[in-house]
Amino acid sequence: MNRTMYDLIGLAAGVCFILALKGLSHPKTARRGNLIGALGATISTLVVFAYNAPLNNLGWIIGAIAVGSLIGVPAARKVQMTQMPQLVALFNGVGGGAAALVAIVEYLALGADASTAVVIFTVFTVVVGCVSFSGSIITFLKLQELMTTRPVVFPGGRFVIAATLAAVFGVSGWVVVELGTTPLLVLAALSLLFGVLFVLPVGGADVPIVISLLNAFTGLTVAASGYVLDSTLLIIAGTLVGASGTILTRLMADAMGRSLFGTLFGAFTAKPQDVSAAGEERPVRSGSPDDVAILLNYARRVVIVPGFGLAVAQAQHTVRELADLMISKGIDVAYGIHPVAGRMPGHMNVLLAEANVPYDQLAEMDEVNPTFGQTDVAIVIGANDVVNPAAQTTPGCPIYGMPILEVSNAANVIFLKRSMRPGFAGIENELLYDPKTMLLFGDAKASLTKVVSALKAL
């Protein structure tokens with residue numbers, strides 16, 4: 001295969017990636033977009049072998065592909081929807097680490113023949129790729145709750161981060177000026193350290209934003225490694241990932257009501273929270289499935305607010321059954337969707353799409369908030385931080401300033417929870433203690449099944 005044909009096929013693969021992003025922008029076309037993206041990735045892999053088959057190392061390459069497939073395919077097929085963000089974080093970190101390793105190998109292979117431009121792009125790939133790798137590992141540990149989800153700060157932390165970043169820049173200059181293995185390995189080690197320090201101060205509620213940012217970083221490393229390897233296809237793919245990841249990061253930060261800088265480093269300037277009420281026994285109003293069914297039976301408008309608890313219980317089909325039952329009784333039903341509900345963007349949309357919930361019943365936050373004042377019952381299923389009034393009333397709390405679903409304006413609130421445990425941000429939800437809030441404790445799927453049975457009997 002000549003270079004012209006290689007570039008044309010690479011361009012076709014690039015078009016597939018663009019069409020995939022377009023498809024992924026809407027739930028109706030997301031599945032098709034995902035398949036088109038997979039087709040583009042397959043074409044990209046095959047065309048490299050057709051153009052310049054690396055016969056000397058073909059066995060190693062095929063072996064690596066086989067091992068990766070044996071690990072990746074079962075992991076992707078068996079992972080629970082609730083653990084998808086952790087999987088995304090790991091895959092993203094592996095991508096950044098792979099780009100950094102490829103750049104290091106290419107740099108060592110070129111040696112003194114490497115041009116200044118190639119060295120600069122190699123340095124960029126190593127730095128950003130290593131930051132993406134180590135940072136993604138920390139986000140995985142936080143999401144999996146293998147470490148604290150609270151911001152990890154220590155005295156002088158901001159200065160340590162700044163000093164580490166300055167060292168990264170300094171060693172980067174050293175690599176450019178003095179070619180060699182030692183400075184490059186020192187650069188990689190410092191970059192890995194900076195990736196850890198970069199993510200530690202981020203609280204659990206903001207981790208999805210950081211995952212999106214690190215995903216953009218990985219895209220940039222892939223694009224830079226494309227320059228090092230003289231691969232237009234890698235440049236196209238990396239640029240698309242970097243650009244889309246940056247846009248998504250910005251949108252998510254806006255949805256959280258804060259700047260990206262505040263998301264990353266706000267923990268260093270946050271004021272201590274008042275914990276004087278900690279451990280205080282406060283009364284809550286709990287109810288039974290029969291109580292909930294009676295309340296719903298006399299409602300005219302109901303808004304269902306899904307959250308991470310819905311995903312954990314896999315209750316999306318049951319909640320749709322409840323919604324259909326209420327609609328058959330003449331009740332106006334809508335789903336209030338917060339843009340960052342769950343652990344990743346679109347988490348709730350995907351879950352409800354699995355249950356074939358009609359798209360016209362889904363209402364975004366800005367659309368549904370003005371209607372809560374005319375809503376008889378708001379049913380909160382496993383959501384917490386995205387309905388917590390503290391975001392509007394408690395300066396200094398981790399979610400202060402984040403736009404929320406204003407379910408407290410509804411006439412009645414039904415809150416389905418397993419326990420009184422705080423949400424991912426680790427703070428109390430005052431809505432639980434509101435006199436008009438009725439708590440229904442237990443697994444969401446089991447509780448909703450009982451509510452459906454009770455409502456059918458009325």
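## Exercises on a predicted model

Alanine 363 is buried, with a relative accessible area of 8%. The model is predicted.

**Exercise 1.** Place alanine 363 in the fold and find which residues it touches, not counting residues up to four places away in sequence.

*Solution.*
1. Start with the cut-off: buried means under 20% relative accessible area. Alanine 363 has 8%, so it counts as buried.
2. Find its element. Alanine 363 belongs to strand S3, residues 362–364.
3. List the contacts. Alanine 363 touches Tyr335, Gly336, Ile337 and Val368.
4. Check one distance. Histidine 338 is 25 residues away along the chain, and its C-alpha atom lies 8.9 Å from that of alanine 363.

**Exercise 2.** Work out how the buried residues of helix H6 are arranged around its axis.

*Solution.*
1. Take the span. H6 covers residues 157–177 and reaches 30 Å from its first C-alpha to its last, close to the 30 Å expected.
2. Pick out the buried residues: Gly157, Ile161, Thr164, Val168, Val171, Ser172 and Val175.
3. Look down the axis. These buried residues fall within an arc of 115 degrees, so they line one face of H6.
4. Turn to the other side. There, Phe159, Phe169 and Val177 are exposed.

**Exercise 3.** Describe how helix H5 packs with H6.

*Solution.*
1. Give the geometry. H5 (residues 116–143) and H6 pack at about 145 degrees, with axes 10 Å apart. Their crossing is right-handed.
2. Name the partners. H5 supplies Val119, Ile120, Val123 and Val127, and H6 supplies Val168, Ser172, Val175 and Val176.
3. Sort them by class. The contact has 7 nonpolar residues, 1 polar and no charged ones.

Notes:
Residues numbered from 1 in each chain as written. Predicted model: local features only at pLDDT ≥ 70, side-chain atom pairs only at ≥ 80, totals over all residues. Heavy atoms only, no water. Helix = DSSP H or I, 4+ residues; strand = E, 2+ residues; numbered from the N terminus. Buried < 20%, exposed > 50% of the residue type's maximum accessible area, 1.4 Å probe, protein only. Contact = heavy atoms within 4.5 Å. Expected span 1.5 Å × (residues − 1). Arc of directions from axis to C-beta. Axes fitted to C-alpha atoms, helices over the stretch in contact; angles between N-to-C directions. Left-handed = near helix turned anticlockwise from the far one by under 90°. Nonpolar A, V, L, I, M, F, W, Y, C, P; charged D, E, K, R; others polar.
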